[in-house]
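Got your viewer open and side chains switched on? Let's take a short walk through some charged residues.

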Amino acid sequence: RLGPCDSDALLTTSSPKPPPPADDEWNDAMSLEDGGGGDGGDGRFFSMSSLSSSAISATRVRPDASGGLEDECDGADEESEGDVLVTAPEKAVVIEPPPPPFQPQNSREFLVIEILTTERTYVANLRCLVDTLLVPLKKQHAVNSSERPVLSQENISVLFSNVSEILSVNEALLTELESRISLEAWSDQQLIGDALLRLIPFLKMYRNYTANYEKAQFLLFDLEARNPAFVNYKRYWESEVPKLDMIPLLSYLILPVQRIPRYNLLLKDLIKHTDESHPDYSTLCKALEEMQLVAQYINDEIQRAEARAKIIELQN
């Protein structure tokens, strides 16, 4: 990925951390900001409660002596009394975003800080998804692995799409924002629009991810009903692996779908509080114009997916 992980920002925790308070300020302004739970917290189109739970208890991951899940590769393919043994997701270190670099003194600075802090959270969550779930699932298919894969390589590809590439792009954007929105670098004349504008050529990645999201969503529901080993693996990842936000997997998978509308919301407000004579004004306007085109595509895809879901519901 572009830009290595800052070792000073790593935090190893011994117990799951509760999610931060909901950002209610934005909920009325953007309907897609529901990924953290509650109504729409399951990915907007479906309710996880509608999934069949009959397969969930069919098999289980064997706990080790300490009460956790067995994490040794030896014997990963063994079965005993109906148990399916798989290696638990890795309890890897996760990023704890640092506090805001300075206290905002006006509305524009508040919005600039909001862009930085939400980008930190977004990147931290994507990094956690990739490092503690996607990578371990892929490692199960390594030639020298003695683990039994809980997902096929095709299912991994569909479920996670190009999230690794999106993470790389946003890590580079975050590095750029950190260098500009800092106590040492910040001034009334600081520019951030050009950093956002450089993201535009990579937004096709978000289009591709969004186009695949409905397929990934249906696959996840199918795996919930038909793949008990994955259900156990996912359940452990959701409840035990330390993360910035302890939310369901589907809420992580929808994050890239939500991010472009979030950029639009923040950019609109930032432009509103930036004087037209400011050197960043025209660049911010250009970035918003480009972002809106992608957001429209994403909204159209969501509406088409909702319509298809209603048809399927009626057919069933």
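Start by selecting Glu171 and Arg127: their side chains are joined by a polar contact of 2.7 Å. Keep in mind as you look around that this is a predicted model. To get your bearings, Glu171 is found in helix α4, which covers residues 163–180. Color by accessibility and Glu171 comes out as buried, with a relative accessible area of 4%.

Now for salt bridges. Side chains of opposite charge can pair when their charged atoms come close. How many salt bridges does a search of the whole structure find? The search turns up 14 of them, and we'll visit a few.

Next, select Arg180 and Asp194. Their side chains meet in a salt bridge, at 2.5 Å from N to O. Arg180 lies in helix α4 while Asp194 lies in helix α5 (residues 193–197), so this pair ties together parts that are 14 residues apart in sequence. Is each partner buried or partly exposed? Arg180 has a relative accessible area of 12%, so it counts as buried, the cut-off being under 20%. Asp194, with a relative accessible area of 24%, is partly exposed.

Move on to helix α6, residues 204–226, and pick out Asp222 and Arg226. Here too the side chains meet in a salt bridge, 2.5 Å from N to O. Both residues sit in that helix, four residues apart, which is about one turn of the helix. For Asp222, the relative accessibility is 34%, which makes it partly exposed. Arg226 is exposed, at a relative accessible area of 66%.

Then jump to helix α7 (residues 228–239) and select Lys234 and Glu238. What do these two form? They form a salt bridge, and the closest N and O atoms are 3.0 Å apart. Because Lys234 and Glu238 are four residues apart in helix α7, about one helical turn separates them. Check the surroundings of Lys234 as well: this residue is buried, with a relative accessible area of 6%.

One last selection: Glu176, Arg180, Asp194 and Arg198. Which residues do salt bridges with shared partners join into one network? Exactly the four you just picked: Glu176, Arg180, Asp194 and Arg198. You've already met two of its members, Arg180 and Asp194, as a salt-bridged pair, so show all four side chains together and trace the network from there.

How values were computed:
Residues are numbered from 1 along each chain as its sequence is written. This is a predicted model: local features need pLDDT of at least 70, side-chain atom pairs count only at pLDDT 80 or more; totals for chains, interfaces and linings use all residues. Side-chain values use heavy atoms; hydrogens and water are left out. Helices (H or I, at least four residues) and strands (E, at least two) are DSSP runs, numbered from the N terminus. Buried means under 20% relative accessible area, exposed over 50%, partly exposed in between (1.4 Å probe, protein chains only). A polar contact is a pair of N or O atoms within 3.5 Å; within protein, one must be able to donate a hydrogen and the other to accept it, and residues adjacent in sequence count only if both atoms are side-chain atoms.
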